[in-house]
Amino acid sequence: MDRAPGLSARAKLTLSYAGFLMLAGALLLAAVWVFLLRYVPERALIVSADTPTHGVFPVRSNLLRIFAPRAAAVLALLLAFGLLGGWILAGRMLAPLTRITDAARLATNGTLSHRVRLPGRKDEFRELADAFDTMLARLEAHVSEQKRFAANASHELRTPLAISKALLDVARTDPDRDIQEIIDRLHAVNARAIDLTEALLLLSRAEQRSFTREPVDLSLLAEEVTETLLPLAEKHGVTVETGGEVAPATGSQALLLQLTMNLVHNAIVHNLPEQGTVWVTTGIRPETVLLTVENTGDRLAPEQVSTLTEPFRRGTERVHTDHAGVGLGLAIVRSITIAHEGTLTLTPRATGGLRVTVELPRER
């Protein structure tokens, strides 16, 4: 934004210091006049010869004639001292602000790795610098995540297009090839591309928080999702158990339904080859409500669990199933949870499998 030129903050502080110093000097000289010179007689005293006298009796006019130039010199000295000292003090006071400004300029130019790292004890400038460093760190992490997400999304979207192009080339160059087989494969590839696009749109919607909040009962969502995914669970030989308390939350029913759907779907698909189990429970706390989805399965390392919510993170077992997904299931769950000001916790089970807990603010 273009602004009219004016005095810098350092110049304003300097003038303020000098002005206060001049005011203090003027008040001091005024005090001298009020409490000292006013009691000095204006004329010389006439003393009788028999009255004992000691010393000199000054006259106010003489004192003023002597005092005024020296008072003016003192004020001039105070002005010079105030300007010089104020300039130095203002520079020292504003030095941390200069460092923060330099860091902000670097961030504006795209350099997010720079930090202020202001030394010294905690004061207002130190708090500002620490808050700015924290903001830069989060912004750098967010930008890195967005770049990684864009690269992964480009790769994921390019793959079905490349496959479709290859299938079409085969159909064009090999007239004897089974056309129905090519059509079936193109249909599957196209369906996967559509699923990926819809998942990306849903993820974007959750991150932008562009939804209307309304009362939502997580226990009803759990029951609805369980009934919807029951055929999938039967196909995989997985038993789904649902229970818990009424869990009233506030948010988007569509997004929270998608969150529950993703969690239960993942728990069914990534389970034991046979006789697996999924537990879907809801709970209530004084300030929050809980949705927990727990499943049996292979043992997971803690470092592996910590990466499951990253976009396009799929294990090898996911890729080779008929419900491999697009690698955005838990990423969408995380975004929806954050958009609803909740917390998402992933914990590996000691006997194998995963426990996912979503904690959301309770409806008021």
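Let's start with a hairpin: β4 and β5 are joined this way, with 3 residues between them. Keep in mind that this is a predicted model. The two strands run antiparallel to each other and pair over 7 bridges. If you want a spot to zoom in on, find T281, whose bridge partner in β5 is T292.

Now step across to the other side of the pairing. β5 also pairs with β7, again in the antiparallel sense, over 8 bridges. T292 turns up here too, with T357 as its bridge partner in β7. Strands in a sheet pair through backbone hydrogen bonds, in either a parallel or an antiparallel way.

Where does β5 end up, given its surroundings? It is largely enclosed by the rest of the structure, because 8 of its 8 residues are buried. In a regular strand, side chains alternate between the two faces of the sheet. Both faces of β5 are covered: T288, L290, T292 and E294 are buried on one side, and V289, L291, V293 and N295 are buried on the other.

Zoom out and you get an open sheet of 5 strands with mixed pairing, ordered β2-β4-β5-β7-β6. The edges belong to β2 (238–244) and β6 (343–348); each has a single partner strand, so one side of each goes without a neighbour in the sheet. From one strand to the next, the twist averages 10°. At the β6 edge, the link to β7 (residues 354–361) is antiparallel and made of 6 bridges. Look there for L346, which stands opposite V356 in β7.

Next come the helices. α5 (residues 218–228) lies across β2, β4 (276–284), β5 (288–295) and β7, and runs at about 160° to β2. Helix α7 (residues 253–269) packs on the sheet as well, touching β2, β4, β5 and β7, with its direction at about 25° to that of β5.

So how do the two helices meet? A packed pair is described by the angle between the axes and the distance between them. The axes of α5 and α7 come within 9 Å and cross at roughly 50°, which makes α5 oblique to α7. The crossing is right-handed. On the α5 side, the residues involved are L218, L221, A222, E224, V225 and T228, and they meet Q253, L256, L257, T260, M261 and V264 of α7. Sorted by class, this contact has 8 nonpolar, 3 polar and 1 charged residues.

How values were computed. Residues are numbered from 1 along each chain as its sequence is written. This is a predicted model: local features need pLDDT of at least 70, side-chain atom pairs count only at pLDDT 80 or more; totals for chains, interfaces and linings use all residues. Side-chain values use heavy atoms; hydrogens and water are left out. Two strands pair if DSSP finds at least two bridges between them. Helices (H or I, at least four residues) and strands (E, at least two) are DSSP runs, numbered from the N terminus. Axes are lines fitted to C-alpha atoms, for helices over the stretch in contact, and angles run from 0 to 180 degrees between N-to-C directions. Contact means heavy atoms within 4.5 Å. Angles under 35 degrees count as roughly parallel, over 145 as roughly antiparallel, 65 to 115 as roughly perpendicular and the rest as oblique. A crossing is left-handed if the near helix is turned anticlockwise from the far one by less than a right angle, and right-handed if clockwise. Ala, Val, Leu, Ile, Met, Phe, Trp, Tyr, Cys and Pro count as nonpolar, Asp, Glu, Lys and Arg as charged, and the others, Gly among them, as polar. Buried means under 20% relative accessible area, exposed over 50%, partly exposed in between (1.4 Å probe, protein chains only).
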